[in-house]
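Please find below a note on the structure under review. The points are numbered so that each may be taken up separately.

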Amino acid sequence: MSKLPAALASLKFPVIGSPLFIISTPKLVIAQCINGVVGSMPALNARPASQLDEWLAEITEALAAHNKAHPDNPAAPFAINQIVHKSNTRLEEDMAMCVKYKVPVIITSLGAREEINQAAHSYGGVVLHDIINNKFAHKAIEKGADGLVAVAAGAGGHAGVKSPFALIQEIRQWFDGPLALSGSIASGSAILGALAMGADFAYIGSAFIATEEARAAQEYKQSIVDSNSDDIVYSNLFTGVHGNYLAPSIRNAGMDPENLPESDPSKMDFGGDKSKAWKDIWGCGQGIGSVNKIQTTAAFIDQLKAEFATAKARLLA
């Protein structure tokens, strides 16, 4: 059994909602947390940067109020995603806000920096780092991350190409700390599958886009409902890093999803104001075939819990 820090060991349902660029806001994060799922959002979603202070205050106060009113059913902890890549000029300022509010979980992406891990550890925070292969997993732990998010093939947005079976088994040969699995997980049975492979948590993103609390265009949400894995395109054109996107959004932008050029990785763009991704080009993972309606976050999480219980009972029968 994995060695889990207190913030994650108390989680009753093994799910982390992944940070959704542009889409995750306090409204979605709070709804996820009070329904038992770790809610998260990218710090960069707060624009201007000063808004992050307001948003962290809103989340912290809402979860504290929930816990006071429901001491027997406390909210799950929340997480903030920090893009550690050199293109993120706000990193230090945003991390200072996380320290101010003692954000329970920090999710780092696109690079591992010891000083960011140390800042989180200064108040007892937990750091999970996104990785796409075993090599990067070693580097993240060596630089002080507490746990890993294994981003396997089929994940929405920036994603790797490794089979989850290969990725998890390689990591578990040497690492016994917190491990979340990302990639095509959108049902309770898939959550159970992630645990069976050796992960501690399922990391779910795309399915949460089709919730009422998500800050996404209605057309985006409906496209997820109407699409399946055949509608997912893997390309590095939009940010310089390979990721998965909905083909209908690419067509709507006047491009042929089956004939996209390669991008120059040295010109990475992680969501600047002039970026087409993720505003016009919609990130999405391959697991959306199980998403058949737009519903509240609470209803979706209840659905996941029911599916998880059914799958577990079937396995033990």
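The points that follow address the sheet, the helices and some backbone details.

1. Status of the model. The coordinates are those of a predicted model, and the points below should be read accordingly.

2. Overall sheet. Eight strands make up an open sheet, and their pairing is parallel. Read across the sheet, the order is β1-β9-β8-β6-β5-β4-β3-β2. The edge positions are taken by β1 and β2 (39-42); each has a single partner strand, so one side of each lacks a neighbour in the sheet. On average, neighbouring strands of this sheet are turned by 25 degrees against each other, with direction ignored.

3. Strand β9 and its partners. In the strand order, β9 stands between β1 and β8. Strand β1 (residues 15-17) runs parallel to β9 and is joined to it by three bridges; within this pairing, Val15 has Ala202 of β9 as its bridge partner. Strand β8 (residues 179-182) is likewise parallel to β9, again with three bridges, and here Ser182 is placed opposite Tyr203 of β9. Between β8 and β9 the chain passes through helix α8 (residues 188-197), and the resulting β-α-β crossover is right-handed.

4. Burial of β9. Which residues cover the two faces of strand β9? In a regular strand, side chains alternate between the two faces of the sheet. For β9 (residues 201-204), Phe201 and Tyr203 lie on one side, while Ala202 and Ile204 lie on the other. All four of these residues are buried, and both faces of the strand are covered. Two of them also appear in the pairings above: Ala202 as the partner of Val15, and Tyr203 opposite Ser182.

5. The β6-β8 pairing. On the other side of β8 in the strand order comes β6. Strand β6 (residues 147-151) pairs with β8 in the parallel sense, over four bridges. In this pair, Ala150 faces Leu181 of β8.

6. Helix α2 on the sheet. Helix α2 (residues 26-34) lies across β1, β2 and β3 (78-83). The angle between α2 and β2 is about 160 degrees.

7. Packing of α3 and α4. How are helices α3 and α4 arranged relative to each other? Helix α3 (residues 51-69) packs with helix α4 (residues 91-101) at an angle of about 25 degrees, and their axes are 10 Å apart. Angles under 35 degrees count as roughly parallel, and the two helices are therefore roughly parallel to each other. Their crossing is right-handed. On the α3 side the contact is made by Leu52, Asp53, Leu56, Ala57 and Thr60; on the α4 side it is made by Asp94, Met97, Cys98, Lys100 and Tyr101.

8. Cis peptide. The peptide bond joining Arg47 and Pro48 is cis, with omega at about 5 degrees. Pro48 belongs to the loop between β2 and α3.

9. Positive phi at Ile22. Although Ile22 is not a glycine, its phi is positive, at about 75 degrees. The residue is located in the loop between β1 and α2. Is Ile22 buried or partly exposed? Its relative accessibility is 28%, so Ile22 counts as partly exposed.

10. Positive phi at Lys102. Lys102, a residue other than glycine, also has a positive phi, near 50 degrees. Lys102 is placed in the loop between α4 and β4 (105-109). With a relative accessibility of 55%, Lys102 counts as exposed.

Definitions and conventions:
Residues are numbered from 1 along each chain as its sequence is written. This is a predicted model: local features need pLDDT of at least 70, side-chain atom pairs count only at pLDDT 80 or more; totals for chains, interfaces and linings use all residues. Side-chain values use heavy atoms; hydrogens and water are left out. Buried means under 20% relative accessible area, exposed over 50%, partly exposed in between (1.4 Å probe, protein chains only). Two strands pair if DSSP finds at least two bridges between them. A crossover is right-handed if, with the strands pointing away from the viewer, the path from the first strand over the helix to the second runs clockwise. Axes are lines fitted to C-alpha atoms, for helices over the stretch in contact, and angles run from 0 to 180 degrees between N-to-C directions. Contact means heavy atoms within 4.5 Å. Angles under 35 degrees count as roughly parallel, over 145 as roughly antiparallel, 65 to 115 as roughly perpendicular and the rest as oblique. A crossing is left-handed if the near helix is turned anticlockwise from the far one by less than a right angle, and right-handed if clockwise.
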